[in-house]
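Q: Please take a close look at one part of this structure: the sheet and what packs on it. I would like a single connected account rather than a list.

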Amino acid sequence: MLVEIYTDGAARGNPDGPGGFGCVLQVRDSAGNLHEKEISQGYVRTTNNRMELMAAIAGLEALNRPCQVRLYSDSQYLVNAFNQHWIDSWLKKGWKRGKNEPVKNVDLWQRLLKAKEPHQVTFIWVKGHDGHEMNERCDRLATEAADGENLIVDEGIAD
């Protein structure tokens, strides 16, 4: 079964937060009917990269059986980590980027690797705010999450 996941993180411009993330899952059943599930989380005081990772994790963790997944994100960082094999290099180097430069957000990268494990995932970059209907919808969901009352504080905030 093919599942398409569209993700987005919404930075709100305030360095102390809030920000939020959202995603939309689309599944077409054997009869050709389209089913959608929206996931929108409260706000997180964190970086935009962490929000993008959390949006991808939320989408993958929402799947209850192994699927073929196309994950669309406007985060080149997220997409390139897999498509350009950055993550393979980080794993080989013990979560280091250069000689001794640690990879940021290791907790979320590990969680994302675990979430994608049972699935065949293709990561596809969608340029943000270019009018792509689903990307705009995910941005709206993420913004609504950031503006909402449901507060989720990201434990991974570093000073």
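A: In this predicted model, helix α5, made of residues 133–147, lies across strands β1, β2 and β3. Its direction is at about 140° to that of β2. The sheet beneath α5 is open and has 5 strands, ordered β3-β2-β1-β4-β5, with mixed pairing. Its edges are β3 (34–44) and β5 (120–125), each of which pairs on one side only. Direction ignored, neighbouring strands of the sheet are turned by 20° against each other on average.

Within the sheet, β2 (residues 19–28) and β3 run antiparallel and are joined by 10 bridges. Gly 22 has Ser 40 of β3 opposite to it. Gly 22 is also among the residues that Asp 8 touches.

Asp 8 belongs to strand β1, residues 2–11. Asp 8 counts as buried because its relative accessible area is 1%, below the 20% cut-off. Leaving aside residues up to four places away in sequence, Asp 8 is in contact with Gly 20, Phe 21, Gly 22, Glu 52, Ala 55, Asp 74, Asn 135, Cys 138, Asp 139 and Ala 142. Two of the contacts of Asp 8, Asp 74 and Glu 52, are acidic residues by name. Helix α5 spans residues 133–147, and the contacts of Asp 8 include Asn 135, Cys 138, Asp 139 and Ala 142.

Another helix that lies across strands of the sheet is α2, which crosses β4 (68–73) and β5. Its direction is at about 135° to that of β5. Helix α2 covers residues 76–83 and is mostly covered itself, with 6 of its 8 residues buried. Those residues are Tyr 77, Leu 78, Val 79, Asn 80, Ala 81 and Phe 82. The cover over them includes β4 and β5 from the sheet, together with the helices α1 (48–61), α3 (86–92) and α4. After α2 comes His 85, which has a positive phi near 60°.

Helix α4 (residues 106–116) packs against α2 at an angle of about 60°, and the two axes are 13 Å apart. That angle makes α2 oblique to α4. Their crossing is right-handed. On the α2 side, the residues that meet α4 are Tyr 77, Leu 78, Ala 81 and Phe 82; on the α4 side, they are Trp 109, Leu 112, Leu 113 and Lys 116. Sorted by class, this contact has 7 nonpolar residues, no polar ones and 1 charged one. The four α2 residues of this contact also appear in the buried set of that helix.

Helix α4 also packs against α1, here at an angle of about 25° with the axes 9 Å apart. That makes α1 roughly parallel to α4. The crossing of α1 and α4 is left-handed. From α1, the contact takes in Arg 50, Leu 53, Met 54, Ala 56, Ile 57, Leu 60 and Glu 61. From α4, it takes in Asp 107, Leu 108, Trp 109, Arg 111, Leu 112, Ala 115 and Lys 116. By class, the contact of α1 with α4 has 9 nonpolar, no polar and 5 charged residues. Trp 109, Leu 112 and Lys 116 of α4 take part in the contact with α1, and these α4 residues also meet α2.

Notes:
Residues numbered from 1 in each chain as written. Predicted model: local features only at pLDDT ≥ 70, side-chain atom pairs only at ≥ 80, totals over all residues. Heavy atoms only, no water. Axes fitted to C-alpha atoms, helices over the stretch in contact; angles between N-to-C directions. Helix = DSSP H or I, 4+ residues; strand = E, 2+ residues; numbered from the N terminus. Parallel < 35°, antiparallel > 145°, perpendicular 65-115°, else oblique. Left-handed = near helix turned anticlockwise from the far one by under 90°. Contact = heavy atoms within 4.5 Å. Nonpolar A, V, L, I, M, F, W, Y, C, P; charged D, E, K, R; others polar. Buried < 20%, exposed > 50% of the residue type's maximum accessible area, 1.4 Å probe, protein only. Pairing = 2+ DSSP bridges.
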